[in-house]
Amino acid sequence: MRTSLLAIAATLLMATPAWADDADEGGDGRAIIVVGHLATDEAEAQASATAGGTDVVRYEDFADKSLVSLRDTLAFSPGIYTQPRYGQEVRLSIRGSGLSRGFHMRGITLLQDGVPINLADDNGDFQELEPIFFDHLEVYRGGNALRFGSGTLGGAINGVTPNGKDAPGLFARGDAGSFNLFRGLLTYGGSSGPGDYWLGLSADTTDGDRQHAKRHSIRFNGNVGLAVSDVVSTRFYASVNAIRQQLPGALTAAVALSAPQTGSFAGDQQRNINSIRLQNRTRFDWGQTRLDVGIFLNDKDLYHPIFQVIDQKSTDVGGFARLDHEAGPLAFTLGGEIRQGTTRSRQYVNVNGERGALTFDADLTARTANVYGEVRVKPIDSLTLIAGAIYADGFRKRTVLLSTGKSGRIAFDELSPKFGILFEPVANIQLFANYSRSAEFPGFGEVFQTIGTPPVSALVDSIAPQTAWTAEIGTRGKLGMLQWDVAAYRATLDDEMLQYSPNNVTIPAATFNAERTRHSGIEAAFTVTPANWLRFRQIWQYADFRFVRDSQFGNNRLPVIPRNMLRSEIRIGTDALHAAPNVEWVPQGAWADYANTVRTPGYALIGLTAGASLRSGIDLFLDVRNIGDKKAIGDVSAVLAANAASAIYYPVERRAVYGGVRARF
């Protein structure tokens, strides 16, 4: 399949329509992936009309980074906890979503160009989102993500690729650096009359900063748009990914803090993904009323040697519709989405990374669907009142073909209302508050927890959906040289799905519903720009996540995420020549276990990014990480009670230097 993926990507890249316009270098002459900002400006306007925590991350904000993972794009997005584990694998959490999930992702809706990449059971692989392609990212935290059909605790992140009108001509980027990292990107876009197109091809390879952490991938992204009339426009998208990642495994605390380069070769563990995503979005625009409809297909192969070789082939199909209307003081949104998927799940004895004897074979079927609506009323120009709700339902089914395990089926449905208020006393200053409910359904990994032999579980009826009520209050705005985005939240959760790493190696993870938990926190971002050549920005995250009178753990703090984290950066210079030293500071590490017996140590990491324009359309950039080569623990897989022998820790990134060139022709 890998050969066919490469052939498809190459064919699509070469099949450039003949109606391209000449490239436009843009007004400032910087070599960035886009030269027009219409889509980003519209996204920022939409975010500022939301009564809660939102932000838009522009390409310029991460252009000088070597874009290994989503962490590199979202480092200064308030409220997002992103900690690298290895390669493109990161811990991704918003407001404690999927807090202890040590693999895949849960509690956040991830989208590309408005279409979810989450599978039909609502879990997903963020490695399929390649940030090097993005024009910008839209971040909607918590209940503010209703416009994306998300009713999760964490919210939604939407990565948006360019189009031919905003990114015409040829753009090239090359990165190289530590641990034999090499990466290339080529994009080409254009437009003529009612049509436009944009195509991008990237490839990368690296040995990784630990033993047995090599990665290489090749990816294609592209879209073609057509204005059928003054009212109707349509756009087709394609995404192809071939990703190969060796897994170095977790370490004991002693090894992580003394020899972080250590990795495990046992079983040649890997996580390899081949995927194709195809989608269409069609818009009907009548001025005050706009209707978006679309369909999508996600086809994915996962080859994953770990304790056994997990071999899964899944196909998901779905559709969505959203109607937006705004006239005078009244605006509303109505929408819905459905994802239906099937997975052929096999499992084999792991013979040094290859398939041995077949031990498990099953057909998995899932559906996740929702309908949602929101009404916004402006009694006066400076005040917006908001009410909405999302109703979601889903089912998970397993038909066992080979194993002693049992087949089963379980269904869920939940209604989550939302209320909010947005007040703008003066221009560019906003105050907001909201109160919302969220609901998350367990995926296959929670409903069918044990696969393999022996033992093999039947359907786990005791895993219930996770629900929460979240209150949020905050402010954002700009006043002179100061810009800010601050939100405080408090979520009361019932049946929070928590994971731990058990000793039984035949079980990849175990899940339980906590009785009651509480997530309280502050998400704060500040930027000060006293001159056009000087900018200071920082984010601070405060996280107080804990059990509430739990029969086993009392009021213990939840593990994994530290209580405080601060990232700061000072950018000195202009686009022609600039340098930006940065620091990440965790004054006290996170708990490693639910019993609160072991806490990881705090740390401070110092880095630097820099850039220079050689001439119009050609830029150089530099990205230096962990300059002091600090040895520290960045992430942990939670256990019930940790000890010195617990191999559950992942070290922070080692010292690395990356650099490259961007060019637009």
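In this predicted model, the search for enclosed space yielded 13 cavities of 30 Å³ or more. Rolling a probe the size of a water molecule over the atoms shows where empty space is left, and the two leading cavities are described in turn below.

The largest cavity holds about 310 Å³ of space, and its lining is made up of 24 residues, among which Val68, Tyr86, Gly87, Asp209 and Glu653 lie nearest the centre. Three elements, namely the helix α3 (70-74) and the strands β2 (80-86) and β33 (656-664), each contribute at least two residues to the lining of this largest cavity, and of the elements it is β2 that gives the most, with three residues. When the lining residues of the largest cavity are sorted by chemical character, 11 are nonpolar, four are polar and nine are charged.

The second largest cavity has a volume of about 210 Å³, and it is lined by 19 residues, of which Asp122, Gly151, Thr368, Ala392 and Ala439 are the closest to its centre. Two or more residues of the lining of the second largest cavity come from each of the strands β16 (330-351), β17 (354-380), β18 (383-402), β19 (408-426) and β20 (429-440). The lining of the second largest cavity comprises six nonpolar, seven polar and six charged residues.

Definitions and conventions: Residues numbered from 1 in each chain as written. Predicted model: local features only at pLDDT ≥ 70, side-chain atom pairs only at ≥ 80, totals over all residues. Heavy atoms only, no water. 1 Å grid on protein atoms, 1.4 Å probe; cavity = no way out; pocket = protein on both sides within 12 Å on 5 of 7 lines; lining within 4 Å. Points joined across faces, edges and corners; volume = space filled by probe spheres on them. Helix = DSSP H or I, 4+ residues; strand = E, 2+ residues; numbered from the N terminus. Nonpolar A, V, L, I, M, F, W, Y, C, P; charged D, E, K, R; others polar.
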